[in-house]
Amino acid sequence: MASFGQGSRRHPRSRGRTWSRTGPDRATLAVVGVVCAVAGFFALGIVLGPAAIVCGWFAMGRSWTGPRPVPAVVAVALGGIDTLLALVALVGATAPGQGMF
């Protein structure tokens with residue numbers, strides 16, 4: 001019988017499949033967060049704002065300490081503002097009367 005998989009038992013993880021969130025992956029998450037935040041100002045702010053916060057948080061490495069990339073901080077800040085404005089608009093739209101504007 002042939003011995004299939006004998007090489008993989010000694011080294012279960014190959015170097016190509018194991019990756020950490022450093023460098024380009026974090027930069028990509030930060031850019032995705034900024035794009036979500038900016039798009040959230042125009043449409044679906046209640047969804048895209050929290051998505052921008054999460055992407056920015058993951059891009060920062062899930063911590064507030066240490067060096068923080070600028071796009072990640074911008075994504076978190078704009079996502080927070082976006083979420084807050086969407087919540088204010090929802091509360092204004094559900095209030096009795098003519099609405100907020």
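Reader: Is C55 buried or exposed?

Author: C55 is buried, as its relative accessible area is 14%; buried means under 20%, exposed over 50% and partly exposed in between, with a 1.4 Å probe and protein chains only. This is a predicted model, where local features need pLDDT of at least 70, side-chain atom pairs count only at pLDDT 80 or more, and totals for chains, interfaces and linings use all residues. Residues are numbered from 1 along each chain as its sequence is written, and side-chain values use heavy atoms, leaving out hydrogens and water.

Reader: Which residues is C55 in contact with, leaving aside neighbours within four places in sequence?

Author: Contact means heavy atoms within 4.5 Å. For C55 the partners are L29, V32 and G33.

Reader: Which residues make up the largest nonpolar core?

Author: In soluble globular proteins, nonpolar side chains tend to be buried together. A nonpolar core is a set of buried Ala, Val, Leu, Ile, Met, Phe, Trp, Tyr and Cys residues joined through side-chain atoms within 4.5 Å. Here the largest has seven residues: L29, A30, C55, A59, M60, A72 and V76. At least two of them come from each of α2 (24–40), α3 (45–59) and α4 (70–94); helices are DSSP runs of H or I with at least four residues, numbered from the N terminus.

Reader: Why is C55 in no bond with C36?

Author: A disulfide is a covalent bond between the sulfur atoms of two cysteines. The rule asks for a pair of cysteine sulfur atoms within 2.5 Å, and the count comes to zero. The sulfur of C55 is 5.4 Å from that of C36, its closest, so the gap is too far for a bond. C36 is also buried, at 16% relative accessibility.

How values were computed
Helix = DSSP H or I, 4+ residues; strand = E, 2+ residues; numbered from the N terminus.
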